[in-house]
Amino acid sequence: MSVTTFFEKMIGLQQQRSQQKQNSYRELVAGIATGEEPSAAEVERLLAETNKSITDLKNDVEDYQRRFVLKAIVASLPKLEQEFAQVQQQIAAADRVLEEAERRHDEITGPLYGRLHEIKEARNDASAARQELYMGCDDPELERQLDEANAEIERLMEANKDLATQAVYIDNQANVEKRRAERELTEADRDHRREQAAVFQKQANSIRQRIKASEKAQADAVKRRDEIEERMRQW
């Protein structure tokens with residue numbers, strides 16, 4: 001075994017042990033946050049292995065509990081959205097009979113608008129919770145993946161703008177050649193202009209196909225970014 005290989009192996013083992021210690025510490029935090037009571041010896045050992053203080057542990061447990069509450073709030077969002085849509089439908093139905101039963105309309109929609117306001121507030125809270133979970137993620141690998149996805153999206157957007165500009169320019173060139181063909185005196189010259197216009201048009205169509213492919217790649221990148229952000233909220 002070479003010296004380089006030996007040290008790479010040792011570094012890898014150290015990183016693996018460090019990750020195992022971090023995982024054990026996170027399990028400790030989760031256990032305490034959910035009501036488990038570990039032994040004092042285990043706590044002292046993990047604090048020593050991870051260079052954490054009892055204050056660090058207390059803060060991490062409180063942060064875990066806070067995130068647990070935030071995740072519960074976020075989990076309520078689909079039900080709130082469903083109820084929000086249902087209430088909107090009820091309001092629309094009441095509006096359709098407004099002319100026939102103005103008083104009844106008010107009786108129905110009064111409580112519903114109140115509930116709608118409550119749902120909006122709850123939805124805002126859930127959205128804020130989603131954002132806080134996202135911003136509170138401290139996973140370097142997920143942050144790196146998110147940066148890569150955002151960079152890819154930006155690159156594709158810029159590429160699409162450039163391709164669109166090229167397509168418009170070449171379209172204009174094709175139109176110019178078509179107009180010139182109408183002014184040529186001989187059929188041969190007219191055919192030449194039309195052929196050149198067809199070449200330009202083919203080039204523009206080819207660019208538009210590239211734009212479609214790039215737009216598909218951009219949509220995939222956006223989906224990948226959304227998946228990464230969701231993983232960050234679930235971290």
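Q: How accessible is Arg193: buried, partly exposed or exposed?
A: This is a predicted model, so the value is computed from predicted coordinates. The relative accessible area of Arg193 is 22%. Buried would need under 20% and exposed over 50%, so Arg193 counts as partly exposed.

Q: Which residue meets the side chain of Arg193 in a salt bridge at 3.2 Å, N to O?
A: Arg193 sits in helix H7, residues 187-233, and its partner is in helix H6, 16 residues apart. The pair therefore links distant parts of the chain, and the partner is buried, with a relative accessible area of 7%. That partner is Glu177.

Q: Which residues are joined with Glu177 and Arg193 into one network of salt bridges?
A: Let's build on that pair, whose side chains meet in a salt bridge. Salt bridges that share partners extend the group beyond Arg193 and Glu177. The other members of the network are Arg180 and Glu184.

Q: How far apart are the C-alpha atoms of Arg183 and Arg193?
A: Arg183 lies in helix H6, while Arg193 lies in helix H7. Arg183 counts as exposed because its relative accessibility is 58%, above the 50% cut-off. Along the chain the two residues are ten apart, and their C-alpha atoms are separated by 10.0 Å.

Q: Is Asp171 buried or exposed?
A: Asp171 belongs to helix H6, which runs over residues 140-183. Not counting residues up to four places away in sequence, Asp171 touches Gln201, Ala204 and Arg208. Its relative accessibility is 15%, and the limit for burial is under 20%, so Asp171 counts as buried.

Q: Which residue forms a salt bridge with Arg123?
A: Here the closest N and O atoms are 3.6 Å apart, which means the pair falls within the 4 Å limit. Arg123 is in helix H5 (residues 102-135), and the partner, 42 residues apart, is in helix H4 (residues 77-96). Arg123 is partly exposed at 24% relative accessibility, and the partner is partly exposed too, with a relative accessible area of 32%. The partner is Glu81.

Q: What is the N to O distance in the salt bridge of Arg225 and Asp226?
A: Both ends of this pair can be placed by their accessibility. Arg225 counts as partly exposed at 23%, and Asp226 is partly exposed with a relative accessible area of 37%. Their side chains meet at an N to O distance of 3.7 Å.

Q: How many salt bridges does a search of the whole structure find?
A: We have met a few examples, including Arg123 with Glu81 and Arg225 with Asp226. Across the whole structure, the search finds a total of 21.

Q: Which helix gives the most residues to the largest nonpolar core?
A: The core has nine residues: Tyr25, Leu28, Val29, Ala33, Val43, Leu46, Leu47, Leu57 and Val61. Helices H1 (3-33), H2 (40-49) and H3 each supply at least two of them. With four residues, the leading contributor is H1.

Q: Which residues does Val29 contact, leaving aside neighbours within four places in sequence?
A: Val29 is a member of that nine-residue core. Two of its contacts, Leu57 and Val61, are also members of the core and are buried residues of H3. The full set of contacts is Leu57, Asp60, Val61 and Tyr64.

Q: What is the distance between the end C-alpha atoms of H3?
A: H3 covers residues 54-75. At 1.5 Å a residue, its 22 residues should span 32 Å. The model agrees with that expectation, because the end C-alpha atoms are apart by 31 Å.

Q: Which residues form a nonpolar surface patch with Phe68?
A: Phe68 lies in H3 and is exposed, with a relative accessible area of 55%. Patch members need over 30% relative accessible area, so Phe68 passes that limit. The patch has about 290 Å² of accessible area together, and the residues that join Phe68 are Tyr64 and Val69.

Q: What is the phi value of Asn51?
A: Asn51 is placed in the loop between H2 and H3. It counts as exposed because its relative accessibility is 70%. Its phi is positive, in a residue other than glycine, and lies near 55 degrees.

Technical notes. Residues numbered from 1 in each chain as written. Predicted model: local features only at pLDDT ≥ 70, side-chain atom pairs only at ≥ 80, totals over all residues. Heavy atoms only, no water. Patch = residues over 30% accessible without salt bridge, like charges linked within 9 Å, V, L, I, M, F, W, Y side chains within 5 Å. Areas by Shrake-Rupley, 256 points an atom, 1.4 Å probe, with all protein chains shown as cover. Helix = DSSP H or I, 4+ residues; strand = E, 2+ residues; numbered from the N terminus. Buried < 20%, exposed > 50% of the residue type's maximum accessible area, 1.4 Å probe, protein only. Core = buried A, V, L, I, M, F, W, Y, C linked by side-chain atoms within 4.5 Å. Contact = heavy atoms within 4.5 Å. Expected span 1.5 Å × (residues − 1).
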